[in-house]
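Trainee: Could you walk me through this structure, one question at a time?
Mentor: Gladly, let's look together.

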Amino acid sequence: MNAFNAYKACAPIAWSPNLYITLVRGIPGTRRLHRRTLEALRLRKCNRTVMRWNTPTVRGMLQQVKRLIVIETEEMYKARKQKEANHQALRPPLVINHLPASASDSS
């Protein structure tokens, strides 16, 4: 599940002590105020994630640039990372036997 789909889940962020913020849209072509807000959040490149405390100040900054970012709670972030790790994990090799059934019975 990518960060944008996690955003669509719309989990409440009020109770989470940490927020994981991912920049999903590009900075060029945005307003100067939005660029400075992203700089204050330390978001410089697309698809980069930062962790910030869940404070009213940070939530106000996120409200300013909400169309450029995705906000995840700690549980959502850990679940997404675990799913990505499982997807990239090594799988056991497939063993295919090409011998006919009758040839394997006689041996």
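Mentor: Here are some questions and answers on the fold, the core, one helix and a few loop residues.

Mentor: A word on the source first: this is a predicted model, where local features need pLDDT of at least 70 and side-chain atom pairs count only at pLDDT 80 or more, while totals for chains, interfaces and linings use all residues. Residues are numbered from 1 along each chain as its sequence is written, and side-chain values use heavy atoms, with hydrogens and water left out.

Trainee: Which pattern does the protein chain follow along the sequence?
Mentor: Helices (H or I, at least four residues) and strands (E, at least two) are taken as DSSP runs, numbered from the N terminus. The protein chain has 5 helices and 3 strands. Read in sequence order, they give the pattern α-β-α-β-α-β-α-α.

Trainee: What percentage of the residues of the protein chain count as buried?
Mentor: Buried means under 20% relative accessible area, exposed over 50%, and partly exposed in between, with a 1.4 Å probe and protein chains only. Among the 107 residues of the protein chain, the buried share is 29%.

Trainee: Which element gives the most to the largest nonpolar core?
Mentor: A nonpolar core is a set of buried Ala, Val, Leu, Ile, Met, Phe, Trp, Tyr and Cys residues joined through side-chain atoms within 4.5 Å. The largest one has 14 residues, and Ile 21, Leu 23 and Leu 62 are among those with the most contacts inside it. β1 (18-23), α3 (56-64) and β3 (69-73) each supply at least two residues of this core. The top contributor, with 3 residues, is β1.

Trainee: Which side of α4 do its buried residues share, and how wide is their arc around the axis?
Mentor: Helix α4 covers residues 74-88, and Glu 74, Met 76, Tyr 77 and Arg 80 are buried in it. They lie on the same side of α4 because the arc they cover around the axis is only 165°. That arc is taken from the directions from the helix axis to the C-beta atoms.

Trainee: Which exposed residues sit on the face of α4 turned away from its buried side?
Mentor: Having placed the buried residues of α4, including Met 76, we can turn to the other face. There the exposed residues are Lys 78 and Lys 83.

Trainee: How is the 1 aromatic pair arranged, and how far apart in sequence are the parts it ties together?
Mentor: Rings of Phe, Tyr and Trp (its six-membered ring) pair if their centres lie within 6.5 Å; planes under 30 degrees apart count as stacked, over 60 as edge-to-face and the rest as tilted. The rings of Tyr 20 and Tyr 77 have centres 4.1 Å apart and planes at 5°, so this pair is stacked. Both Tyr 20 and Tyr 77 are buried. Tyr 20 lies in strand β1 and Tyr 77 in helix α4, so the separation of the parts tied together is 57 residues.

Trainee: How far apart in space are Arg 52 and Ile 21, C-alpha to C-alpha?
Mentor: Arg 52 is in strand β2 (residues 49-53) and is partly exposed, at 24% relative accessibility. Leaving aside neighbours within four places in sequence, its contacts (heavy atoms within 4.5 Å) include Ile 21 and Val 58. Arg 52 and Ile 21 are 31 residues apart in sequence, yet their C-alpha distance is 7.6 Å.

Trainee: Is Asn 47 buried or exposed?
Mentor: Asn 47 is in the loop between α2 and β2, and its phi is positive, near 60°. Most residues other than glycine have a negative phi. With a relative accessible area of 60%, Asn 47 is exposed.

How values were computed
The expected span of a helix is 1.5 Å times one less than its number of residues.
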